Amino acid sequence: MLNRASTYLYHRPRLALALLLGPPMIYMVVVYLGALFNLLIYSFYSLQEFTGLIVREFTLSTYAQLFEPANLDIFKRTTVMAAAVTVADALIAFPLSYYTAKFASPRLKTWLVIAITIPLWSSYLVRVYAWKLILAQEGILSWFINLLHLDGVLNRLLSFESIGGSSLALSPIGLFIVFVYIWLPYMILPILTSLERVPKSLLEASGDLGAKPLQTFRTVILPLAFPGVVAGSIFTFSLTLGDFIAPIALGNSKFFIGMAVYSYQGTAGNIPLAAAMTMGPIVIMIVYLLIARRLGAFDAL
Amino acid sequence: MRSNSFDPKASWGLKLAALGGLLFLHAPILIIFLYTLTPDETTYTFPLPGITFKWFGVALQREDLWRALTLSLKVATVATIAALILGTLAAAAVYRSSFFGREAVSFLLILPIALPGIVTGIALRTALGGFDIPFSFWTIVIGHATFCVVVVYNNVLARFRRMQGSQIEASMDLGANSFQTFRYVIFPNIATALLAGGMLAFALSFDEVIVTTFTAGQDTTLPIWIFSQLTRPRDRPVTNVVAMLVMLITFVPIFLAQRLSAQSSDTEGETK
């Protein structure tokens, strides 16, 4: 029986393919793409303001709301934050990846790779929570800052309107630190992958031809590792754009895209506006992915 | 043999920067472990005003925590099984044949982790609401499976690509049918990849919070419990203990999965 089924399928590769591909594709297309498409449709509906009911008629008025100054502000604030987090992550990730890929002994390297990968999979929520403890006004960071007598500097920083706030946890600086921390592994791994692909012989050749170490770094290593940085930035950027857990957990009062979407659909019950708003990060990410592909980032994933 | 032209030693600056990055990555978690011992119930005062072990006992007594933990374990198990089946099927299809839209399959599977989690979450919630599907255990599982599939898929596909096709051909030449070939040749080859992918999917599902907030309804998974404590802290010391517990529970499968994939790529390096 099995034999016959096997022969039957062997002569019909298309059917075999359909049987393999069917279940996962049906699931992903029906459940996932279906839900995304449904969301897209909702973004063209609107909310009846007095009744709070959703009007199921095609309209662009919900999208028009996105261009109100308050919402534009949210987009701007979130995008700037995402960009800043991406740059900071790249700066922190590069030395660690570079050391791991090119200098660590094989034994040390195995452990370093594990040390880098574990935070990637471990609880994102708990990692955010850790910073609630650290950034608390009576917490360890304030204690440390007081110990070094740097509280004057901190208060100066917090007094700036754009990045400051009443305390470290409530300010965009605090949120920035948390984002940099939680997305860092997503930046390290692609950079590590791209650095590993740089053959040692290439570096030796560069040295043999008289390049100083710094020159080799700038003209050989950096260009070859750049696709990895771009690949990492896809994650750091996208994750920052959509996150609402970290701002809510820290109690940040300024709205970011993720938080706005969360509160529009939750307390406000305005699903159309929430749906239209999520189209923001989707469009930004599609544009970003297209650019990243041109820069060769997909090979480094 | 290393040539001297490329300096094999790292400068102190680089070592220091690498060490700093590593510390930044891991030290914050240790702070939570430290705080599980604080006797202070209302603030996060540092240095700790004393040391106590009583919160572990208090946490053990909490009914709501046990229920949340059980639900999380159940969801993660079912989501992982679904991901194992769907991910392996997709990987096998993409590996064995080239067909129109093969790239699209990879792209579609990656989408749930490339797009912000809130997009998946709100899309699923709106769809559930639109079709009047009540929230339940299964709606949580459906949400988790969407992003767990890709983890298994990536692991298994990578293993397929390293496997020697000649083994499958030999098996077929010796008269095995496709099912026997799968059972005796392919499965032993991909077993550790399945294990690694499955464990990562489990860890991912176990502590997922973003999609879950949209698909859980009234049910409380462990991450949802922690999240509610983050917004309205009522049991700070118990939350510390739970956070530590989540870290430890997920650490084991993640660590094992990493070791598994590290080992298989080591042996791979030797045969090449």
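In this predicted model, contacts in chain B lean towards partners far along the sequence: among those between residues at least 6 apart, 78% join residues at least 24 apart. Chain B has 272 residues, and 44% of them count as buried. Its C-alpha trace spans about 70 × 65 × 30 Å along the principal axes.

As for secondary structure, chain B comes to eleven helices and zero strands. Reading along the sequence just gives α after α, as in α-α-α-α-α-α-α-α-α-α-α. On top of that, chain B is split into two domains, with domain 1 covering 9–52 and domain 2 covering 58–271. The C-alpha centres of these two domains of chain B sit 30 Å apart. Where they meet, domain 1 of chain B puts in seven residues, and domain 2 of chain B also puts in seven residues. On the domain 1 side of that contact, the residues break down into four nonpolar, two polar and one charged.

Then there is the contact between the chains. Here chain B brings 72 residues and chain A brings 83 residues. On the chain B side, quite a list of helices chips in with at least two residues each: helix 1 (12–35), helix 3 (63–96), helix 4 (102–114), helix 5 (117–130), helix 6 (137–162), helix 8 (178–206), helix 10 (222–231) and helix 11 (236–271). Helix 1 of chain B gives the most, with 14 residues. As for the chemistry, the side of chain B that touches chain A has 53 nonpolar, 16 polar and three charged residues.

Nonpolar packing takes in residues of both chains as well. The largest nonpolar core has 166 residues, and those with the most contacts inside it come from chain A (A:Val128, A:Tyr129, A:Val178 and A:Trp183) and from chain B (B:Ala83, B:Cys148 and B:Leu200). Helix 9 of chain A, residues 172–196, supplies the largest share of this core, with 16 residues.

B:Leu200 makes a handy close-up of that core, being one of the residues with the most contacts inside it. Leaving aside residues up to four places away in sequence, B:Leu200 touches B:Val151, B:Ile254 and B:Ala257 in chain B, and A:Trp121 over in chain A. B:Leu200 falls within the range of helix 8 (178–206) of chain B, while B:Val151 falls within that of helix 6 (137–162), and B:Ile254 and B:Ala257 within that of helix 11 (236–271). Those three helices of chain B are also among the ones that supply at least two residues each to the side touching chain A.

Technical notes. Residues numbered from 1 in each chain as written. Chains lettered and ligands numbered in written order. Predicted model: local features only at pLDDT ≥ 70, side-chain atom pairs only at ≥ 80, totals over all residues. Domains from an automatic or database assignment. Contact = placed C-beta atoms within 7 Å. Nonpolar A, V, L, I, M, F, W, Y, C, P; charged D, E, K, R; others polar. Helix = DSSP H or I, 4+ residues; strand = E, 2+ residues; numbered from the N terminus. Core = buried A, V, L, I, M, F, W, Y, C linked by C-beta atoms within 7 Å. Buried ≥ 20, exposed ≤ 12 C-beta atoms within 10 Å, placed from the backbone.
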